[in-house]
Amino acid sequence: MSYVDEVFDMVVEKNPAQPEFHQAVKEVLDSLRIVIEENEEAYRKDALLERLVTPERQLLFRVPWVDDKGQVHVNNAFRVQFNSAIGPYKGGLRLHPSVNLGIIKFLGFEQIFKNSLTGLPIGGGKGGSDFDPKGKSDREVMAFCQSFMTELNKYIGADTDVPAGDIGTGAREIGYMFGQYKRIRGVYEGVLTGKGLSYGGSLARTEATGYGLLYLTEEMLKCNGHDIAGKTVAVSGSGNVAIYATQKAQQLGAKVVTVSDSTGWIYDPEGIDVALLKEVKEVKRARLTEYAANRPSAEYHEGKGVWTVKVDIALPCATQNELHLEDAKALVANGVIAVAEGANMPTTLEATEYLLENGVLFAPGKAANAGGVATSALEMSQNSERLSWTFEEVDSKLKGIMVNIFHNMDDAAKKYGKEGNYVVGANIAGFLKVVDAMTAQGIV
Ligand code: NDP
């Protein structure tokens, strides 16, 4: 049996009931076969793949907190410190009822390669809890965040592990967590990114993942003979990534005609009104029915359906496994040119294969959504320097990083005879740097 298959079987056996983690490992290892087979003897001897798929440290803890009626609740929480070969652990904190150890491990594993691709010195980690901030009062969210940080603070720090936002963790949650860290540890340091501007946050961090997704998509289209201006786009989700992806797509001259949330989706043939979407989602924290109620050109549909709309570009920006084989078939039948992942692993393995087989330009999340973590690393630099850069400065660095990521994955794909396969390209480019650092640092 090949080394890749052996290690994949070991992952399934040692990590039962973690299908998302298995899926992420399979996607990465399969696309690394060419590189691994070239170096099989050395990698085997060093158990390199076994070390790569096993987190350096996994923290599991309970988070007790009291609701507004005096009732105590207990949530499960996680921090997986996956790989620190190229820098301190870095990756977001997800607060969503679906969170479990397998999901955090899949996200942490992906994060290793994504962070490596940015070219910045950050290792891979991820964390979160099955707490659901939706429908909670600000005081309840604060109670949860303070209790969560009371435990987590023992394991993180500006030079060891620097968490950030993710689904359910926005500016409000980061603020409460930062306050509690500072109170307990008594140090004012850049231990979290995605902070507010008044206490060490970076301009353009809020926009970074969505903007970065569009910078990379624009470059991918350009290098394949297309212009983004004038294209029609389907976006899924209506959170941080979706909102700023929509905004940047429209600034670049494209028209975004859909957004969604966990209950329904909007079709707006006039183009999504970003100011209204922000008002509904960021200010009122309301459902998309509220968008439709205030926008005569918009149709609201219950359930799923954004991928049935005829578009040139699809940007899944909600969550994992939200674009299935039947969605990929519908997109291809409607003539889609490109799919770029704003979310982490939104496209299933079968759907990804179908898109690639049908000549669709496909940018995997670990490259396409790396703008968020890249800008988080820029926030870390500003915190270390005790300086703040202008919006334009950060945005132009972000653009440079995204264009560079595209060319790194494009070059790696070409070098290994897989031209145009950016899944293989991104994995190989991210992997080689991490492996080089792991090898240099010995058996740790
Ligand atoms: P938000 O919480 O701001 O938004 C998430 C959006 O996706 C919401 O519209 C939400 O709908 C929808 N959604 C979440 N879970 C589900 C689900 N199970 N089914 C259907 N819809 C769902 O998160 P972000 O925008 O920050 O993150 C979106 C994706 O991008 C995630 O995969 C995240 O890991 C990834 N990402 C985020 C980065 C960042 O900087 N924020 C960086 C890199 C990747 P509802 O409001 O109804 O829950």
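The following exchange concerns the fold, the nonpolar cores and selected residues of a predicted model.

Me: How many helices and strands are there in the chain?
Reply: The predicted model consists of a chain of 444 residues. Its secondary structure comprises 17 helices and twelve strands.

Me: Why can the chain be called as compact as a globular protein of its length?
Reply: The C-alpha trace spans about 65 × 55 × 45 Å along its principal axes. For 444 residues the globule rule gives 22 Å, and the chain is close to that value, so it is as compact as a globular protein of that length; its radius of gyration is 21 Å.

Me: What percentage of the residues of the chain count as buried?
Reply: A residue counts as buried when its relative accessible area is under 20%. Of the 444 residues, the share that meets this criterion is 57%.

Me: Among contacts between residues at least 6 apart in sequence, what share joins residues at least 24 apart?
Reply: One such pair is Met177 and Cys145, which are in contact and lie 32 residues apart in sequence. Over the chain, among contacts between residues at least 6 apart, the share joining residues at least 24 apart is 73%.

Me: How far apart lie the centres of the positive and negative side chains?
Reply: The accessible surface of the chain is about 17,400 Å², and 50% of it belongs to carbon and sulfur atoms. As for charge, the chain has 46 positive and 57 negative side chains. The centres of these two sets are separated by 5 Å.

Me: Which helix contributes the largest share of the largest nonpolar core?
Reply: This core holds 58 residues, and Leu216, Tyr291 and Leu315 touch the most other members. Eight of the core residues come from a single element, spanning residues 205-223. That element, with the largest share, is helix H8.

Me: Which residues does Leu216 touch beyond four places away in sequence?
Reply: Leu216 is one of the three core residues that touch the most other members. Setting aside residues up to four places away, its contacts are Ala363, Ala367, Ala368, Met402, Ile405, Phe406 and Met409.

Me: How many residues make up the other core?
Reply: Apart from the largest core lies another. Its members include Leu32, Leu48, Leu101 and Ile112. The number of residues in this other core is 42.

Me: Is Thr209 buried or exposed?
Reply: Thr209 belongs to helix H8. Beyond four places in sequence, Thr209 touches Val241, Gly342, Asn369, Gly371 and Gly372. Its relative accessibility is 7%, which is under the 20% limit, so Thr209 counts as buried.

Me: What is the C-alpha separation of Met177 and Cys145?
Reply: Met177 lies in helix H7, residues 171-185, and is buried, with a relative accessible area of 0%. Besides Cys145, its contacts beyond four places in sequence are Leu93, Leu95, Phe148, Met149, Thr169 and Leu192. The C-alpha atoms of Met177 and Cys145 are separated by 5.5 Å.

Me: What distance separates the C-alpha atoms of Leu95 and Ile405?
Reply: Leu95 is placed in strand S3, residues 89-95, and is buried at 1% relative accessible area. Its contacts beyond four places in sequence include Ser129, Phe131, Pro133, Phe144 and Met177. Ile405, by contrast, is among the contacts of Leu216. Leu95 and Ile405 are 310 residues apart along the chain, and their C-alpha atoms are separated by 28 Å.

Me: How far apart are the C-alpha atoms of Val80 and Arg57?
Reply: Val80 lies in strand S2, residues 72-83, and counts as buried at 0% relative accessibility. Arg57 is one of its contacts, as are Pro55, Gln58, Leu101, Ile104, Lys105, Gly124, Gly125 and Lys126. Val80 and Arg57 are 23 residues apart along the chain, with a C-alpha separation of 6.1 Å.

Me: What is the phi of Ala47?
Reply: Ala47 is found in the loop between helix H3 (40-45) and helix H4 (48-53). It counts as partly exposed, at 25% relative accessibility. Although Ala47 is not a glycine, its phi is positive, at about 45°.

Me: Is Arg386 buried or exposed?
Reply: Arg386 lies in the loop between helix H15 (371-385) and helix H16 (391-415). Its phi is positive, near 55°, in a residue other than glycine. The relative accessible area of Arg386 is 67%, over the 50% limit, so Arg386 is exposed.

How values were computed
Residues numbered from 1 in each chain as written. Predicted model: local features only at pLDDT ≥ 70, side-chain atom pairs only at ≥ 80, totals over all residues. Heavy atoms only, no water. Helix = DSSP H or I, 4+ residues; strand = E, 2+ residues; numbered from the N terminus. Rg over C-alpha atoms; globule rule 2.2 N^0.38 Å. Buried < 20%, exposed > 50% of the residue type's maximum accessible area, 1.4 Å probe, protein only. Contact = heavy atoms within 4.5 Å. Areas by Shrake-Rupley, 256 points an atom, 1.4 Å probe, with all protein chains shown as cover. Lys, Arg positive; Asp, Glu negative; His and termini not counted. Charge placed at Lys NZ, Arg CZ, Asp CG, Glu CD. Core = buried A, V, L, I, M, F, W, Y, C linked by side-chain atoms within 4.5 Å.
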